[in-house]
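Let's take a stroll through the inside of a protein. Have the structure open beside you as you read.

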Amino acid sequence: MRALPLGEGSNIVFSGDYLGVVIHNTLLGRSVIEEDESSVLIEVAGGENWHQLVTTCLQQGWYGLENLALIPGTVGAAPIQNIGAYGVELADVFDSLNYLAINDPAQATDLVRLDKQQCEFGYRDSVFKHRLRDNACVTSVRLRLSKQPVPNASYPALTQWLKEHELQAVPKTLYQAVCSLRRSKLPDPKRIPNAGSFFKNPVISLAACDAIQKGFADIPCYDAGEGHKKLAAGWMIEKAGWRGRDCDSTGMHRDQALVLVNPAKAKGEQVLRVANAVADSVHAMFNIRLEIEPRIYPRVNP
Ligand code: NAP
């Protein structure tokens, strides 16, 4: 029988019953592995809450995680999609991790260590979404954090917030800015059920981007590595008329069109029906198929 690793369930949608064993990771603990004047290497158990870790590190004077404040979920889940926000991603501070190969009888009793390169991090992506999909229960993560402030306020929304509040970009103000921005735009999953961004921002070729810009001159396009551009999925969803639509039952959030909210607590099947309708609308308008970001179980074709 297959096993499914689960953290806090913040990025998962069950499209039906899961016929297997669900392993809920509640491993706790944090320790300092090594430190010098400029940095500290910490090891954190996979079941620890991510936001609590961000807060604790800031209080300790260990910097680098501020932009990732308030991301729901556990530390063990963070590498799965290389969590990122406001211009920073986990890979920026990641050192290595240990995992248990839960669906591989040959390795099932030993912890496997992967370094950063072996995790094959990409944009909201890692080896755990491909070759090791569903086979890794991340038991601990090592992060290298700076003891010198390394504020990254390059993200426009952060720059704007700091300006409006007449604050310098230091770790504490960045943390405050991120918490404030997230609270103002993103629904709290405890109050309004949601799984964060429901679609990935599409990364497309320059030629494809040029073609879209001919029809939509104001579409936001961001550099995404050589020969590629990243489009804002939320912008396209809004243009397709879904922002705020059906958001009092099951639909797209009125303050952030990228978040599918489900106050009606509809079953996974209905959630996916709405997601497919949104993706169809965007496809009809932009000729781009949005990819669902949360994990779906049992797997279905979007
Ligand atoms: P936003 O500022 O409204 O921007 C919309 C999108 O445009 C974002 O997804 C962002 O891509 C992209 N973007 C904006 N400025 C950019 C820049 N200077 N360079 C590159 N890309 C840029 O976004 P938001 O909804 O308020 O979210 C703020 C941040 O929190 C984003 O980084 C977002 O990814 C993150 N977030 C993630 C989740 C999740 O569930 N994964 C949920 C909520 C928010 P990026 O997403 O690549 O940054």
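## Starting at Leu143

Keep in mind that this is a predicted model. Find Leu143 to begin with: leaving out residues up to four places away in sequence, it touches Val40, Leu41, Ile42, Trp50, Leu53, Leu65, Leu90, Val93, Phe94 and Asp95.

## Two separate cores

Leu143 belongs to the largest nonpolar core, which has 50 residues. Along with Trp50, Tyr99 and Phe128, Leu143 touches the most other members of that core. Who else chips in? At least two residues each come from β5 (39-45), α1 (50-60), β8 (94-101), β9 (111-115), β10 (136-146), α2 and α3. The biggest share is α3's, with 6 residues.

There's also a second core, separate from that one and made up of 32 residues. Ile219, Ile237, Ala240 and Leu272 are among them.

## The two sides of α2

Now look at helix α2, which runs over residues 156-164. Which of its residues are buried? They are Leu158, Trp161 and Leu162. If you look down the axis of α2, these buried residues fall within an arc of 95 degrees, so they line one face of the helix. Part of what covers them is α3 (171-185).

Turn to the face of α2 that points away from the buried side, and you'll meet the exposed residues Pro156, Lys163 and Glu164. Keep following the chain and, just after α2, you'll reach Glu166, which takes a positive phi of about 50 degrees.

Technical notes:
Residues numbered from 1 in each chain as written. Predicted model: local features only at pLDDT ≥ 70, side-chain atom pairs only at ≥ 80, totals over all residues. Heavy atoms only, no water. Buried < 20%, exposed > 50% of the residue type's maximum accessible area, 1.4 Å probe, protein only. Helix = DSSP H or I, 4+ residues; strand = E, 2+ residues; numbered from the N terminus. Arc of directions from axis to C-beta. Contact = heavy atoms within 4.5 Å. Core = buried A, V, L, I, M, F, W, Y, C linked by side-chain atoms within 4.5 Å.
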